[in-house]
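Me: Please take a close look at one glycine-containing loop in the structure below, and then work outwards from there, so that I can see how the surroundings are put together. I would like one connected account rather than a list.

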Amino acid sequence: MKKLLVTMMKGGTGKTMLVCQLARHAHAKGLRVLVVDIDDQMNTSSCLLRGEGVQKLPFSTTQVYRDRIANIDFGDSAFTVLCSDSTIKSTITEQMMATDANGEYIGDNAVHNLSHFMQQADQHFDLCILDTPSGMDHSIVCAMACADYVLAPIEFTPECMEGITTLLSGPRSIPTIREFNPGLKFLGFLPNKVEATEKQKAIMNDLIDSGSMGSFVCDDQGRLLSIPKRQALLQVQAEGISLAEFAKNNSQARSALPTVRRVFDSLLGKMTLDATGEDHE
Ligand SMILES: Nc1ncnc2c1ncn2[C@@H]1O[C@H](COP(=O)(O)OP(=O)(O)O)[C@@H](O)[C@H]1O
Ligand SMILES: [Mg+2]
C-alpha cells in the first residue's frame with residue numbers, strides 16, 4: 001500500500017478536492033483505496049460519504065492516533081474512509097506532550113499508533129491518501145513520518161510562497177522529516193484553480209525567478225502539470241461524486257476531464273500504481 005499525504009499550509013488550495021477526486025479516480029481504475037481524514041473540519045469524510053460506494057470504518061482518526069488499535073476488521077469494501085472528528089487537534093497535542101507514570105516522554109506514541117494502523121491496512125489496500133488540515137501541526141508531522149509520498153496543491157496567489165518555503169525548508173519541512181523517515185518522496189507542488197489571468201501569470205513568473213519551479217509536479221516529458229479552475233470541480237465536491245460521473249451529463253465537466261485525468265494518472269504513475277485493472281469511468 002502506497003501512502004500519499006496531501007498537504008499545504010494555506011486553506012482552500014484544493015487539498016480536499018484532490019484527495020476525494022484522486023481517490024474516486026483510483027478506485028474507478030480498480031485500485032483498492034483507503035482515505036484517511038486528519039482534518040477536524042471533516043470535509044473529506046463528509047464529501048466521500050455524500051456519494052455512493054464508500055465504506056466508513058467504525059472508529060475515527062483520533063482513536064487511531066490515541067490508541068493502539070489491534071485486529072482491525074477492514075471489511076470487504078475496496079473504497080474505505082477513516083473519518084476525522086472534532087477532537088483530533090486537542091487529542092494529538094495532548095498525545096505529543098505525553099509522559100508515562102515515570103515521567104518518561106511517550107509523545108511519539110501517536111506515530112507508532114498510526115504506523116500500527118497502516119501496517120494492518122497494508123494488505124487490504126493499494127493506495128492510502130491522507131487529507132490534512134491547513135497549517136502545519138503535530139497531526140501532519142506524525143502523518144508525514146508514516147507516509148511514502150507528499151503532494152502539495154497550491155494556488156497562484158501572493159501568499160503561496162510561504163507554503164512553498166514551509167515544505168522545502170524550516171523546522172517541519174520535508175528534509176527535516178526525512179531525518180526520521182528517509183524514504184519520504186516529494187511528488188511536488190501542484191498548481192490548482194489555474195486561470196490565465198495576468199495576476200496568476202505574474203506570480204508564476206516570480207516562482208520561476210525564485211528557482212522553486214524545479215519542485216513542481218511534471219509529467220514524463222517534463223511538462224508542468226496543473227488543474228484548471230472549473231465550476232464543475234466545485235460542483236462534484238458539493239455532490240460527492242467523481243468528475244467522470246458528472247461528465248456524463250455536464251459539458252464543462254466533460255471538457256475538464258482529460259486534463260484532470262492526465263494529472264491523476266501521472267500521479268498514480270509516479271507512485272508506481274499504474275492500474276492494470278479495468279477502468280470503470
Ligand atoms: N480546480 C478547482 N476549480 C474550482 N473549484 C475548486 C477547484 N479546486 C477546489 N475547488 C473548490 O475550492 C474550495 C476549496 O477547496 P478544498 O479542496 O476544500 O481546499 P482545502 O482542502 O485545501 O482547504 C472547495 O469549495 C472546492 O470544491
Ligand atoms: Mg480541506
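Reply: Gly 12 counts as partly exposed, because 14 C-beta neighbours lie inside 10 Å, where 20 or more would make a residue buried and 12 or fewer would make it exposed. The model is a predicted one, and in it Gly 12 sits in the loop between β1 (2-6) and α1. Gly 12 and Asn 192 are 180 residues apart in sequence, yet their C-alpha atoms are 9.9 Å apart in space.

A second glycine makes a useful contrast. Gly 103, in the loop between α4 and α5 (109-121), is exposed, with 6 other C-beta atoms within 10 Å. Gly 103 and Pro 171 are 68 residues apart along the chain, and 26 Å separates their C-alpha atoms.

From the loop that holds Gly 12, the next step is the ligand. The shell around ligand 1 consists of 17 residues, and the closest of them are Gly 14, Lys 15, Thr 16, Met 17 and Gln 237. Two elements, α1 (15-28) and α10, each give two or more residues to this shell. Sorted by class, the shell around ligand 1 holds 9 polar, 4 nonpolar and 4 charged residues.

Helix α10 can be followed further, into its packing against another helix. Helix α10 spans residues 231-239 and packs on helix α12, residues 251-270, with the two axes 9 Å apart and at an angle of about 105°. That angle makes α10 roughly perpendicular to α12. On the side of α10, the contact is made by Gln 231, Ala 232 and Leu 233, which meet Gln 252, Ala 253 and Ala 256 of α12. The residues of this contact comprise 4 nonpolar and 2 polar ones, with no charged residue among them. Past the end of α12, the segment that follows contains Thr 272, a residue other than glycine whose phi is nevertheless positive, near 50°. Thr 272 counts as exposed, because 7 C-beta neighbours lie inside 10 Å.

Both α1 and α10 also appear in the surroundings of α2. The buried residues of α2 are Thr 44, Ser 45, Cys 47 and Leu 48, and what covers them includes α1 and α10 together with the strands β2, β4 (79-82) and β5 (127-131). Met 42 belongs to the loop between β2 (33-37) and α2 (43-50). Its phi is positive, near 60°, although Met 42 is not a glycine. Met 42 has 19 C-beta neighbours inside 10 Å and therefore counts as partly exposed, given that the buried class begins at 20.

Helix α6 is another part to consider for burial. Of the 9 residues of α6 (residues 138-146), 7 are buried, so this helix is largely enclosed by the rest of the structure. The buried residues in α6 are His 138, Ser 139, Ile 140, Cys 142, Ala 143, Met 144 and Cys 146. One partner of α6 is helix α4 (residues 88-97), whose axis comes within 9 Å of that of α6 and crosses it at roughly 70°. The two helices α4 and α6 are therefore roughly perpendicular to each other. In this contact Ile 88, Lys 89, Ile 92, Thr 93 and Met 96 of α4 meet His 138, Ser 139 and Cys 142 of α6. By class, the contact of α4 with α6 consists of 4 nonpolar, 3 polar and 1 charged residues. His 138, Ser 139 and Cys 142 thus take part in the contact with α4 and are also listed among the buried residues of α6.

Finally, the whole protein gives these local features their setting. The protein has 12 helices and 7 strands, and 44% of its 281 residues are buried. Among the contacts between residues at least 6 apart in sequence, 76% join residues at least 24 apart; the pair Gly 12 and Asn 192, with which this account began, is 180 residues apart in sequence. Taken along the principal axes, the C-alpha atoms fill a box of roughly 60 × 45 × 30 Å. The radius of gyration is 18 Å, which agrees with the value near 19 Å that a compact globule of 281 residues would have.

Key: Residues numbered from 1 in each chain as written. Chains lettered and ligands numbered in written order. Predicted model: local features only at pLDDT ≥ 70, side-chain atom pairs only at ≥ 80, totals over all residues. Axes fitted to C-alpha atoms, helices over the stretch in contact; angles between N-to-C directions. Helix = DSSP H or I, 4+ residues; strand = E, 2+ residues; numbered from the N terminus. Parallel < 35°, antiparallel > 145°, perpendicular 65-115°, else oblique. Contact = placed C-beta atoms within 7 Å. Nonpolar A, V, L, I, M, F, W, Y, C, P; charged D, E, K, R; others polar. Near = placed C-beta within 6 Å. Rg over C-alpha atoms; globule rule 2.2 N^0.38 Å.
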